[in-house]
Amino acid sequence: LRYLDAQHRHERDRVARQQLEGRIRDVVTELDAEALGRLHGGLPRTGPGWVAVATRLGTEALAGGDEERAAALLRELEEAGAGSSTSAAELGSSLEETRRVDWFAVGAILPLSGRARLVGEQVRAGLELAAGAGREGQDALRLVVRDSADADAARLVEELVETERVSAIVGPVDASSAEAAARRAQELGVPLLTLTIRPGITDAGEWVLRPFQTNEAEVEALLGHAIARLGLRSFAVLYPEASYGRRLARIAEREVGELGGTIVVSQGYEPSTTSFVEICQQLGEHEFDALVVPDRSRAVSLIAPALAAAGLWSQPAGRSAGPEGTRPVQLLLPSAAFDPGLLRQAGRYLQGATFATPLWVSESLPAATSFDERYRALGGRAPSALASQAHDALQILRAARGLAAGRTRARLLAALLELESA
């Protein structure tokens, strides 16, 4: 580095000087802390070598939370006449942004009043567990929660960013609030980890992320498992005649076709349906290996016994039929259909059913078991899917904070995108 720095001082050709500056930056990138310290005190402050060293030391000081050290190095760069250099300007910009952000504050926009209050309370409990509620230390995050009920979600995003200086925001849950919040988060440049299943929500821009699989991805995963792992080839789809159900039915038909399977029958029903006997009897007139039911647990609790009554007995793929006169069918159900109460109501008719679920508590999954136990201790009930997803969202933020190369929202977003693509 000393040699390159000296060569740069004597070089008069502009292009050659620029090439040397690039080589100097590359060398500085590879130096350890001890070497950087020696060179900071030993290089002449008029050359690009010292500027590159001081800038990297300032950047690393910021990444470690030492704003005072970063500010001191920036002053040294300015005193040396290098304050207008690109690298010094970037350090100054990062320092200014860091001062505008409370790195340990995370916002949350949840329904804490009104009809969706219970949902909001469950999500808040999941967030508090992940944030480190009840314990102190460097890992603890400060949750700043705002009520989305009857509120302007865009204004709440502004308040969290400009007044509370949060590093990121989790939520909202409902689709309309999430859309307004997503647009404003994109405009203000703050990472928003939305908890809505609304399709296309992340189209608002790169600052808007969804930290869990969509319903569409779940259906694709279920069918991929059924065809590639279970060897099933013929399918039926039973779906509610609503935008949600029709969309997932179309995705199922497309995915089965792409994977070489066949949709034998696709049948809709009104979302208000309470008796599925006749519908299931009509399904029973067709031969198929598996049935996809993209609906919630209430409907599945009624559909499962109606299928059994029609001679379609839920069994794992490859198993023989249940009672005499029935034939086996593999049920494929998204996470919206999973609820602990469903197994108590209709578990006899769901033997071997395959669910896509965001949280499965098992001795083989100690992290999920630990979350379940801690959530019950905090909230007095089993965690909902949304509570689990909110908890995971904050854990993802925590992991991204550890990867971020600086304490700014832009650096946090870069780390989140890196995790997303890993």
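# A tour from pocket to cavity

Start with the second largest pocket: 18 residues line it, and Arg 25, Pro 48, Val 51, Ala 52 and Ser 87 are the ones nearest its centre. Keep in mind that this is a predicted model. Now colour the helices around the pocket. Helix 1 (2-10), helix 2 (14-30), helix 4 (48-63) and helix 6 (86-99) each give two or more residues to the lining. Helix 2 provides the largest share, with six residues. The pocket holds about 530 Å³ of space. Colour its lining by class next. You will find five nonpolar, eight polar and five charged residues.

**Stop 2: helix 4**

Select residues 48-63, which form helix 4. Pro 48, Val 51 and Ala 52, from the centre of the pocket lining, are a good place to begin. Is this helix enclosed or open to the outside? Twelve of its 16 residues are buried, so helix 4 is largely enclosed by the rest of the structure. Buried here means under 20% relative accessible area. Click through the buried residues: Pro 48, Gly 49, Trp 50, Val 51, Ala 52, Val 53, Ala 54 and Thr 55 are among them. Leu 57, Gly 58, Ala 61 and Leu 62 are buried too.

What covers them? Show helix 1, helix 2, helix 3 (33-42), helix 5 (67-79) and helix 6, which are included in the cover.

Try a ruler on helix 4. At 1.5 Å a residue, its 16 residues should span 22 Å, and the end C-alpha atoms are 22 Å apart, which agrees. Then step just past the helix to Gly 65. Its phi is positive, about 90°.

**Stop 3: Val 170**

Jump to strand 3 (residues 166-170) and pick Val 170. Its relative accessibility is 1%, so Val 170 counts as buried. Which residues does Val 170 touch, leaving out those up to four places away in sequence? Select Val 106, Gly 107, Ala 108, Ile 109 and Leu 127. Add Leu 193, Leu 195, Ala 393, Leu 394 and Leu 397. Now draw a line from the C-alpha of Val 170 to that of Arg 210. The two residues are 40 apart in sequence and 9.6 Å apart in space.

**Stop 4: helix 10**

Move on to helix 10 (residues 215-229) and use the ruler again. Its 15 residues should span 21 Å at 1.5 Å a residue; the end C-alpha atoms are 20 Å apart, which agrees. Next, highlight the buried residues Asn 215, Glu 216, Glu 218, Val 219, Leu 222, Leu 223, Ala 226 and Ile 227. They cover an arc of only 165° around the axis, which puts them on the same side of helix 10. Turn to the other side, where Ala 228 and Arg 229 are exposed.

Show what lies over the buried residues of helix 10. The cover includes strand 6 (234-240), helix 11 (243-258), strand 8 (290-292), strand 10 (327-333) and strand 11 (354-355). Just after the helix, Gly 231 has a positive phi of about 75°.

**Last stop: the largest cavity**

Finish at the largest cavity, with a volume of about 30 Å³. Which residues line this cavity? Select Ala 304, Leu 307, Ala 308, Leu 312, Trp 313, Ser 314, Leu 331 and Tyr 349. Helix 13 (297-309) and strand 9 (312-314) each supply at least two of the lining residues. Colour by class once more. Seven residues are nonpolar, one is polar and none is charged.

Technical notes. Residues numbered from 1 in each chain as written. Predicted model: local features only at pLDDT ≥ 70, side-chain atom pairs only at ≥ 80, totals over all residues. Heavy atoms only, no water. 1 Å grid on protein atoms, 1.4 Å probe; cavity = no way out; pocket = protein on both sides within 12 Å on 5 of 7 lines; lining within 4 Å. Points joined across faces, edges and corners; volume = space filled by probe spheres on them. Helix = DSSP H or I, 4+ residues; strand = E, 2+ residues; numbered from the N terminus. Nonpolar A, V, L, I, M, F, W, Y, C, P; charged D, E, K, R; others polar. Expected span 1.5 Å × (residues − 1). Buried < 20%, exposed > 50% of the residue type's maximum accessible area, 1.4 Å probe, protein only. Contact = heavy atoms within 4.5 Å. Arc of directions from axis to C-beta.
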